[in-house]
Amino acid sequence: MFNIFDQLNDQLLITDQVAKTQFCNAQKSIVHQHSSEKLKRYQALEQELQTFLSIATDIHAILNEHLEIISCNNGFQNILGWEESEVLKKNYVEFIDYPDAVQIITAINECKASGQVATDIAKCKCKDGKYKWIEWRGKYIANKKIHLLTGRDITLQKEQEEERLAKREAEELEMLKDEFLINMSHELKTPLNVIYMTLQLESEEIKSALEKNGQGIELNILKRHDKIIQRNVYRLLRLIRNLTEIAKLESDEYRLNFTNCDIVSIVRQISLAVADHMQSTKVKITFDTDIQELITACDPSAIEQIMLNLLSNTIKYRKDESKVRVSLTVKDNKVRVTVKDNGIGIPKTELEYIFKRFAKIDTSLNRKCEGSGTGLTVSKYLVELHEGSIWAKSQLNKGSSFIFEIPIVQISDEKDIYYGSTSQQIEEKCNIEFSDIYDI
Ligand code: ADP
């Protein structure tokens, strides 16, 4: 039966169908309209971006996973002189100078792993054979497996920075030279003046004694004068020795004479000889070790010189009642010698500085102690030539410890063992090393 409701329903269905079709068509037309607008917008944007990249002063490039350049702007040509055809499909690292290339590869790998933007500076090769400094920034786009890269020419900045640095270094060098000249002339003039004055006194005495037919000449006075002259000659010898040694050590001309030695005997002998040399003073030097004998290959003269420098410093920078303890221990196949004093100490900030050439904490020319600031520099070089190290610990007004360590090694085909210099040789070395300490 024809039902009014069915008829209505059918009518509605037809209307719905038409509405649906009309809606879909309208939708399609909107989508089409939208996509073509979007496409136009994208195309315009791409055009702008292309123009922007072509006028950009920086390098812009896209690299594939193997770091080959797959696209770039004309930055390569403008900055480095390479045309696009010479750059495309080439590995980006080829355009970077060797040591910097390693660093750049590390930075690229790090940025790939972290997803962060990487920045690095590298020296890059220009087509004309010159180099330019480029500051690179890069990011890895993981879903496309490409690297986006920009590079800015910072050669001018770098050159200006280098110029500034070179100027500062030259100024510092000039200052160091002036300081050195002032110091050296003081160090040379002082003993020479003393020698000159003593010789003048002596010749006056000899002259007046000659006038009295050799009468009235005081041998004791002559002997004292002799001692003063000798000490000051030693002082000059020490200064010149240290200066020549520093020059040789710094130009790699210095050679050690390695021989199998009993280092315990060498350190003990020198410590006891200095203790003897100091007998007239309140300085007490002790030597302490549990080791009877320790054979190691070293240069015995160098070890003696290091010991004499450290011991003479404990005397120079002592306070009234001076106690010095020398100890020798072995750890990790190294022999360690410690020279500890209870002297004036060194400020913490100066501890690194004292091993530098001509370093002195009190630089005033009327300072209490004489010294050229060369002893510790020579000692450091000598220890390092033994593949060892030297350092200091100190507390102001309480005292200092100077510690040096050298590896224990032996020369297998050498049978003789050296036990140290003769007491006469050590005495001569003490005379030279202690010559700038006037109150002993
Ligand atoms: P110098 O010939 O002037 O003594 P060194 O190179 O041996 O030269 O020492 C450098 C400086 O280190 C000294 O001028 C002094 O200021 C400081 N110094 C070295 N040893 C000691 C020490 N045992 N106690 C205090 N200061 C020291």
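**View 1. Methionine 307 and the residues it touches.** In this predicted model, let us start at methionine 307, which touches Val267, Ile270, Ser271, Val326, Val337, Val339 and Phe404, leaving out residues up to four places away in sequence. Methionine 307 is also among the residues with the most contacts inside the largest nonpolar core. That core has 50 residues, and Val267, Ile285, Leu311, Val326 and Phe404 join Met307 on the list of those with the most contacts inside it. Helix α8, spanning residues 300-316, gives the most to this core, with eight residues.

**View 2. A second nonpolar core.** Here we turn to another core, separate from the one above and made of 24 residues. Ile59, Ile104, Ile134 and Trp136 are among its members.

**View 3. The hairpin of strands β9 and β10.** Strand β9 (residues 323-331) and strand β10 (residues 334-341) run antiparallel and are joined by eight bridges. To find one of the paired positions, look for serine 327, whose bridge partner in β10 is threonine 338. The two strands form a hairpin, with two residues between them. Aspartate 332 sits in the turn and has a positive phi of about 50°.

**View 4. Strand β10 meets strand β12.** Strand β10 also pairs with β12 (residues 399-407), and seven bridges join these antiparallel strands. Valine 337 has phenylalanine 404 of β12 as its bridge partner. Both names may sound familiar: Val337 and Phe404 are among the residues touched by methionine 307.

**View 5. Helices α7 and α10 crossing.** The axes of α7 (residues 263-277) and α10 (residues 423-433) come within 10 Å and cross at roughly 60°. The two helices are therefore oblique to each other, and their crossing is right-handed. From α7, the contact is made by Gln269, Ile270, Ala273, Val274 and His277. From α10, Ile426, Glu427, Cys430 and Asn431 take part. Ile270 of α7 is a residue to remember, as methionine 307 touches Ile270 too.

**View 6. Glutamate 321 in a loop.** Our last stop is the loop between α8 and β9, where glutamate 321 lies. Is this residue buried or exposed? Glutamate 321 has a relative accessible area of 55%, so it counts as exposed, the cut-off being over 50%. Leaving aside neighbours within four places in sequence, glutamate 321 is in contact with Lys282 and Asn342. For a sense of distance, glutamate 321 and leucine 236 are 85 residues apart in sequence and 29 Å apart in space, C-alpha to C-alpha.

Conventions. Residues are numbered from 1 along each chain as its sequence is written. This is a predicted model: local features need pLDDT of at least 70, side-chain atom pairs count only at pLDDT 80 or more; totals for chains, interfaces and linings use all residues. Side-chain values use heavy atoms; hydrogens and water are left out. A nonpolar core is a set of buried Ala, Val, Leu, Ile, Met, Phe, Trp, Tyr and Cys residues joined through side-chain atoms within 4.5 Å. Buried means under 20% relative accessible area, exposed over 50%, partly exposed in between (1.4 Å probe, protein chains only). Helices (H or I, at least four residues) and strands (E, at least two) are DSSP runs, numbered from the N terminus. Contact means heavy atoms within 4.5 Å. Two strands pair if DSSP finds at least two bridges between them. Axes are lines fitted to C-alpha atoms, for helices over the stretch in contact, and angles run from 0 to 180 degrees between N-to-C directions. Angles under 35 degrees count as roughly parallel, over 145 as roughly antiparallel, 65 to 115 as roughly perpendicular and the rest as oblique. A crossing is left-handed if the near helix is turned anticlockwise from the far one by less than a right angle, and right-handed if clockwise.
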